[in-house]
Amino acid sequence: MFDQLFKRPCAIRHHYESPLEPERSRYLAYLSQQGAAQGTLCVTARYLLVISSYLNLPGHPQESYSFEQISEAADRWSNREIRPPRIR
């Protein structure tokens, strides 16, 4: 799925090698089947990748996460330093 959304090999590889790749890919395929636009799928793929990083997900979807773990990740996300976009 990721090779259909991204062009740069390093971006594609990053998505495939990150935690919960099958689950993220399956969710994006579901959104695509529901008629989501390409841009929406790209943004969603990026958010899913960031979320898995912020939650420090080990790649085992069977594990559950406590409210405290999710709350801490949400705090880290909301307090992150936002960098200005790169100008090409």
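Buried, in this report, means under 20% relative accessible area, exposed means over 50%, and partly exposed lies in between (1.4 Å probe, protein chains only). By that cut-off, 24% of the 88 residues of the protein chain count as buried.

The model is a predicted one, so local features need pLDDT of at least 70 and side-chain atom pairs count only at pLDDT 80 or more, while totals for chains, interfaces and linings use all residues. Residues are numbered from 1 along each chain as its sequence is written, and side-chain values use heavy atoms, with hydrogens and water left out.

**Fold.** The protein chain has five helices and zero strands, where helices (H or I, at least four residues) and strands (E, at least two) are DSSP runs numbered from the N terminus. Along the sequence the pattern reads α-α-α-α-α.

**Three residues to look at.** Here they are side by side.

| Residue | Place | Relative accessibility |
|---|---|---|
| Leu20 | loop between α2 and α3 (21–33) | 16%, buried |
| Tyr47 | helix α4 (residues 38–54) | 46%, partly exposed |
| Ile51 | helix α4 | 45%, partly exposed |

Leu20 has a phi near 60°, a positive value in a residue other than glycine. Most residues other than glycine have a negative phi.

Tyr47 and Ile51 join Val43 in a nonpolar surface patch of about 280 Å². Patches are made of residues with over 30% relative accessible area and no salt bridge, with like charges joined within 9 Å and nonpolar side chains (Val, Leu, Ile, Met, Phe, Trp, Tyr) within 5 Å. A salt bridge is a side-chain nitrogen of Lys or Arg within 4 Å of a carboxyl oxygen of Asp or Glu, and accessible areas come from the Shrake-Rupley method with a 1.4 Å probe. The C-alpha atom of Ile51 is separated by 8.7 Å from that of Trp77, 26 residues apart along the chain.

**The largest pocket.** About 980 Å³ of space lies in the largest pocket. A pocket is an open set of points on a 1 Å grid over the protein atoms alone, where a 1.4 Å probe fits, with protein on both sides within 12 Å along at least five of seven lines; lining residues have an atom within 4 Å of a point. Its lining has 22 residues, of which Arg8, Arg46, Val50, Arg83 and Arg86 lie nearest the centre. The elements giving two or more residues to this lining are α2 (9–17) and α4, and α4 gives the most, with seven.

Methods:
Grid points are joined across faces, edges and corners, and a volume is the space filled by probe spheres set on the points.
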